[in-house]
Amino acid sequence: MPLSVRNVTFTSLDPGRLADFWASALGYTERRDSEKEVLLGPSGWGFPRFSFQRGQQGPTEEQDAIHLDLTATDMEAAVSRLLALGATRLWTIPISQSGTTTWTTMRDPDGNKFCVVQQLTGE
């Protein structure tokens, strides 16, 4: 069961400014802005997308500045496989809480944060 990169997620004091930079750098044409996040994607909303989330401060050791979001057709099976490989589960946010998707936040063996997102039907 392969994983694919869904989002590369940045924490930023100014998500719009950082999104402008990456949109120009990558030639991404799709954009959605909200108060807390700017989401960029290639034409047709393909993947990978870049997410720029508003943070209270710039990057620090306590707050990851960038992390990967991975899409899985079976999130629980993927999480179990990653745990067996040495990852650590931090928490799971259900769709009922997020309003958009279900995801599990994890750390790799070196402590780098990443998320495994349940693929929605039709994606």
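**An open eight-stranded sheet and its largest pocket**

Eight strands make up an open sheet, arranged in the order β2-β3-β4-β1-β5-β8-β7-β6, with mixed pairing. At the edges stand β2 (residues 30-33) and β6, each of which pairs on one side only. On average, neighbouring strands of this sheet are turned by 20° against each other, direction ignored. The model described here is predicted.

Helix α1, residues 15-26, packs on the sheet and touches β1, β2, β3 and β4. The direction of α1 makes about 165° with that of β4.

An aromatic contact also involves this helix. The whole structure contains seven aromatic pairs. One of them joins F10 and W22: the ring centres are 5.7 Å apart and the planes make an angle of 35°, which makes the pair tilted. Because F10 belongs to strand β1 and W22 to helix α1, the pair ties together parts that are twelve residues apart in sequence.

At the β6 end of the sheet order, the pairing can be followed residue by residue. Between β6 and β7 there are five bridges, in the antiparallel sense. Among the bridge partners, R89 is matched with M106 in β7, and W91 with T105 in β7. The next pairing, that of β7 with β8, is likewise antiparallel and runs over five bridges. Here R107 stands opposite K113 in β8. The hairpin of β7 and β8 has five residues between the strands, and in this hairpin G111 takes a positive phi near 95°.

Two backbone features fall in the loop between β3 and β4, which holds both W45 and P48. Most residues other than glycine have a negative phi, and most peptide bonds are trans. W45, a residue other than glycine, has a positive phi near 60°. The peptide bond from F47 to P48 is cis, its omega being near 0°. Each of these two features therefore departs from what most residues or most peptide bonds show.

The remaining topic is the largest pocket. About 870 Å³ of space lies in this pocket, and 28 residues line it. Nearest its centre lie E37, S51, Q53, D69 and W103. Which elements each supply at least two residues of the lining? They are the strands β1 (4-12), β3 (37-41), β4 (49-54), β5 (66-72), β6 (88-93), β7 (103-107) and β8 (113-118), together with helix α3 (95-98). Sorted by class, the lining has twelve polar, ten charged and six nonpolar residues.

Several elements recur across these descriptions. Strand β1 carries F10 of the tilted aromatic pair, is touched by helix α1, and contributes at least two residues to the lining of the largest pocket. Strand β4 is also touched by helix α1 and supplies at least two lining residues. Strand β7 pairs with β6 and with β8, and each of these three strands supplies at least two residues of the pocket lining.

Technical notes:
Residues are numbered from 1 along each chain as its sequence is written. This is a predicted model: local features need pLDDT of at least 70, side-chain atom pairs count only at pLDDT 80 or more; totals for chains, interfaces and linings use all residues. Side-chain values use heavy atoms; hydrogens and water are left out. On a 1 Å grid over the protein atoms alone, a cavity is a set of points where a 1.4 Å probe fits but cannot get out, and a pocket is an open set with protein on both sides within 12 Å along at least five of seven lines; lining residues have an atom within 4 Å of a point. Grid points are joined across faces, edges and corners, and a volume is the space filled by probe spheres set on the points. Helices (H or I, at least four residues) and strands (E, at least two) are DSSP runs, numbered from the N terminus. Ala, Val, Leu, Ile, Met, Phe, Trp, Tyr, Cys and Pro count as nonpolar, Asp, Glu, Lys and Arg as charged, and the others, Gly among them, as polar. Two strands pair if DSSP finds at least two bridges between them. Axes are lines fitted to C-alpha atoms, for helices over the stretch in contact, and angles run from 0 to 180 degrees between N-to-C directions. Contact means heavy atoms within 4.5 Å. Rings of Phe, Tyr and Trp (its six-membered ring) pair if their centres lie within 6.5 Å; planes under 30 degrees apart count as stacked, over 60 as edge-to-face and the rest as tilted.
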